[in-house]
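Welcome to this tour! Open your viewer, switch on a cartoon view, and keep the selection box handy.

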Amino acid sequence: MSLFLLHTMSRSIVRQSKFRHVFGQAVKADQSFDDIRVSKVTWDSSFCAVNPKFLAVIVESSGGGAFLVLPLSQVGRVDKNYPLVVGHSGPVLDIDWCPHNDNILASCSEDTTAMVWQIPDHTPSRPISEPIVVLEGHSKRVGIIKWHPSARNILLTAGSDNLIIIWNVGTGEPLMTMDDHPDLIYNVSWNYNGSLFCTTCKDRRLRVCDPRKNEVVAERLSPHEGIRPMRAIFTKEGNIFTTGFTRMSQRELGLWDPTNFEEPIALLELDTSNGVLLPFYDPDTNIMYLSGKGDSSIRYFEITEEPPYVHYISTFSSKEPQRGMGFMPKRGVDVSKCEIARLYKLHERKCEPIMMTVPRKSDLFQDDLYPDTAGPEPALEPEEWMDGQDADPILVSMRDGYIPPKSRELKVAKKNVLDTRPATRRSMSVVDGSSLPKLVEEIQNLKATVLSQEKRICDLENELSKYTNGTV
């Protein structure tokens, strides 16, 4: 066979994709975040969350749980006295930024609670210890926390009591509780419009749940035959991408159609490392980034509708193993550099941004790399979602890049929170019945005072941020 024919054949079998040459590159050393004491707690969460304004990292702390929140511009060495967020009484296990407000962060902890925090735009002068709302409903540690992708104030938590609770953060109330899991829940992933979520569990089952019907609508036993922990994440098309282990403890990837769990769409064996593979998914490009705890590499794959459906692209490798990883929403990437993703790699003592870039010669905006992406406005109110409505995230153009808005206050109707809590257990015999109306009136007056003071504090902090950001 002639060399020309071989060359022609080889060219014809190379898959055509604009993402074939995506490459990863760590930022320069002075653009990392140094001297961060990353948490050593044994829990398979990413320990890191990032958005277009802030980087949050779960850190070591004595006497409770804490995490560090830094503005993205504050690179370099972190002062050892930098104020932390310190409300939890046990180690923090997971954190998640609200997709509809870049100043709102949710956290969960071994202390059985979840908390929602308002992070000011300016650097705080002292530790932040007062959450906007405390969510109490689990009886054991809470290890997973996930915001709804398109409905305002809807938050999911999963705990070691094997319960999943969905909350309305705006009132602090639990909307529903699911008890369908007989064992520890490893992870939870909402689908693109938040009508369903999938879970993996220690009982080796992959489940698809409809929260508003409070039922499991599909399940598959042992998508991966090994007994080590699995992960699952919905793709934009509604399929489910999984990572797990074979019976021989090889790491494995799978792609599944939840309407037909009998056979996988694709199943790939990877290697024999023992770290759980954490998947990070970009719905705009259909690229899946895989980061194993203890690995020193990030592999990435493109998911398409053509066989073999999951296409290996490349691997970003470095010398240092990763303790965790954060994944920037598309709003936060640099379109002028053809950056399509940015991951934040946690080392033992620092956090290192890694840019994923498509090589292009033109300086013009690349329409084909940046379809409209999920913006910061919610598509639904909590009541609409509870009534059965579904909506995809509201999209924004990336043509001119994305400029995060100033801090917006999350309004919490604390009246509702207090009204739904059980009354303080106290012998009523010591309270004179005639004094009850006075007590109720005084409590209501105090509540009104607290709410007005909190609003004033938020207004003053926003005013201060104008000076610290140089806009005044």
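Below is a series of stops, each with something to select and a note on what is there.

**Before you start**

This is a predicted model, in which local features need pLDDT of at least 70, side-chain atom pairs count only at pLDDT 80 or more, and totals for chains, interfaces and linings use all residues. Residues are numbered from 1 along each chain as its sequence is written, and side-chain values use heavy atoms, with hydrogens and water left out.

**Stop 1: the whole protein**

Colour the cartoon by secondary structure. The protein has 4 helices and 32 strands; helices (H or I, at least four residues) and strands (E, at least two) are DSSP runs, numbered from the N terminus. Of the 472 residues, 51% are buried. Here buried means under 20% relative accessible area, exposed means over 50%, and partly exposed lies in between (1.4 Å probe, protein chains only). Among the contacts with a separation of 6 or more, 53% are between residues 24 or more positions apart. A contact means heavy atoms within 4.5 Å.

**Stop 2: the largest nonpolar core**

Select Ile36, Leu55, Phe67, Val69 and Tyr344, and show their side chains. Within the largest nonpolar core, which has 37 residues, these five touch the most other members. A nonpolar core is a set of buried Ala, Val, Leu, Ile, Met, Phe, Trp, Tyr and Cys residues joined through side-chain atoms within 4.5 Å. Strands that each give this core at least two residues include β3 (48-50), β5 (65-71) and β29 (339-346). The largest share, 6 residues, is supplied by β4.

Now centre on Val69. Beyond its neighbours within four places in sequence, Val69 is in contact with Phe54, Leu55, Ala56, Tyr82, Val85, Trp97, Leu105 and Ile119. Elsewhere there is a second, separate core of 25 residues, and Val276, Phe316, Phe365 and Leu369 are among its members. In soluble globular proteins, nonpolar side chains tend to be buried together.

**Stop 3: a cysteine and a threonine**

Is Cys48 buried or exposed? Cys48 is buried, with a relative accessible area of 4%. Cys48 takes part in no disulfide, and the nearest cysteine sulfur, belonging to Cys351, is 4.7 Å away. A disulfide is a pair of cysteine sulfur atoms within 2.5 Å, and the count by this rule is 0.

Next, pick Thr42, in the loop between β2 (33-34) and β3. Thr42 counts as exposed, at 70% relative accessibility. Measure from Thr42 to Leu93: they are 51 residues apart in sequence and 9.0 Å apart in space, C-alpha to C-alpha.

**Stop 4: an annotated repeat**

Select residues 85-119. An unreviewed UniProt entry annotates residues 85-119 and 135-177 as "repeat: WD"; UniProt positions are given in the numbering used here, feature names are shortened, and annotations may be inferred rather than shown by experiment. The span 85-119 is 0% helix and 63% strand, and its end C-alpha atoms lie 9 Å apart.

**Stop 5: three strands in a row**

Highlight β18 (residues 205-210). This strand is largely enclosed by the rest of the structure, because 5 of its 6 residues are buried. β18 pairs with β17 (residues 197-201) in the antiparallel sense over 4 bridges; two strands pair if DSSP finds at least two bridges between them. Cys198 has Val208 as its bridge partner in β18.

With β19 (residues 215-221), β18 shares 6 bridges, and these two strands also run antiparallel. Val208 stands opposite Ala218 in β19.

Check the turns too. The hairpin of β17 and β18 has 3 residues between the strands, and Arg204 in the turn has a positive phi of about 70°. The hairpin of β18 and β19 has 4 residues between the strands, with Asn214 in the turn at a positive phi of about 55°.

**Stop 6: two sides of one strand**

Move to β20 (residues 231-234). Which way do its side chains point? Arg231 and Ile233 point one way, Ala232 and Phe234 point the other way, and all are buried. In a regular strand the side chains alternate between the two faces of the sheet. β20 runs antiparallel to β21 (residues 240-245), joined by 4 bridges.

**Stop 7: an open sheet**

Finish with the open sheet of 4 strands, ordered β24-β25-β26-β27 with antiparallel pairing. β24 (277-282) and β27 (310-317) stand at the edges with a single partner strand each, so one side of each has no neighbour in the sheet. In the β25 and β26 pair, Met288 stands opposite Phe301 in β26.
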